[in-house]
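I opened the model to look up how some of its helices are covered and how they pack. My entries follow.

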Amino acid sequence: VKQAKRAGVSTEGSTLEILERINHADVVKQAKRAGVSTEGSTLEILERINHADVVKQAKRAGVSAEGSTLEILERINHADVVKQAKRAGVSAEGSTLEILERINHADVVKQAKRAGVSTEGSTLEMLERLNRKALEGL
């Protein structure tokens, strides 16, 4: 009840109802700080706050902030993977998954070289050789 009074919400109803009103009031404050609409349910407001935050991340990452939250997050992730590819010295062309596979392959090649095993063949083949060598050392 004290929390409800501090939050400026009604103290009528069950504890759960009071807590829901306190939570909603807090989310409304967050929405105002984020510059998004305070209309609708607590969940709807939280989704708008999250979307606004993802839009800011997109701008920092230099990718389009158009579309759904998920679409924007996928573009942010892809841009990050492209940067990783450049650092790893592999092609940044293709899908996010294709790029990640190339990064992983390059990393396994480095491990194989350090361990003195062949770097020929697929990533899996190199990992099998690395594993065999590690087991031999036991």
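I looked up what covers the buried residues of helix 5, and helix 4 (69-88) and helix 6 (123-136) are among the elements that do. Helices here are DSSP runs of H or I with at least four residues, numbered from the N terminus. The model is predicted, so I note that local features need pLDDT of at least 70, side-chain atom pairs count only at 80 or more, and totals for chains, interfaces and linings use all residues. Residues are numbered from 1 along each chain, and side-chain values use heavy atoms, without hydrogens and water.

I listed the buried residues of helix 5 (under 20% relative accessible area, 1.4 Å probe, protein chains only): Thr96, Ile99, Ile103, Ala106, Val108, Val109 and Ala112.

I checked the length of helix 5, residues 96-115. Its 20 residues should span 28 Å at 1.5 Å a residue (counting one less than the number of residues), and the end C-alpha atoms are 29 Å apart, which agrees. Gly116 follows helix 5 and has a positive phi, near 75°.

I then took helix 4 against helix 5. Their axes, lines fitted to C-alpha atoms over the stretch in contact, come within 10 Å and cross at roughly 25°. That makes the two helices roughly parallel (angles under 35 degrees). For the contact (heavy atoms within 4.5 Å), I noted Asn77, His78, Val81, Val82, Gln84, Ala85 and Ala88 in helix 4 meeting Thr96, Ile99, Leu100 and Ile103 in helix 5.

I last looked at helix 3 (residues 42-61), which packs with helix 4 at an angle of about 25°, with axes 10 Å apart.

How values were computed: Buried means under 20% relative accessible area, exposed over 50%, partly exposed in between (1.4 Å probe, protein chains only). Axes are lines fitted to C-alpha atoms, for helices over the stretch in contact, and angles run from 0 to 180 degrees between N-to-C directions. Angles under 35 degrees count as roughly parallel, over 145 as roughly antiparallel, 65 to 115 as roughly perpendicular and the rest as oblique.
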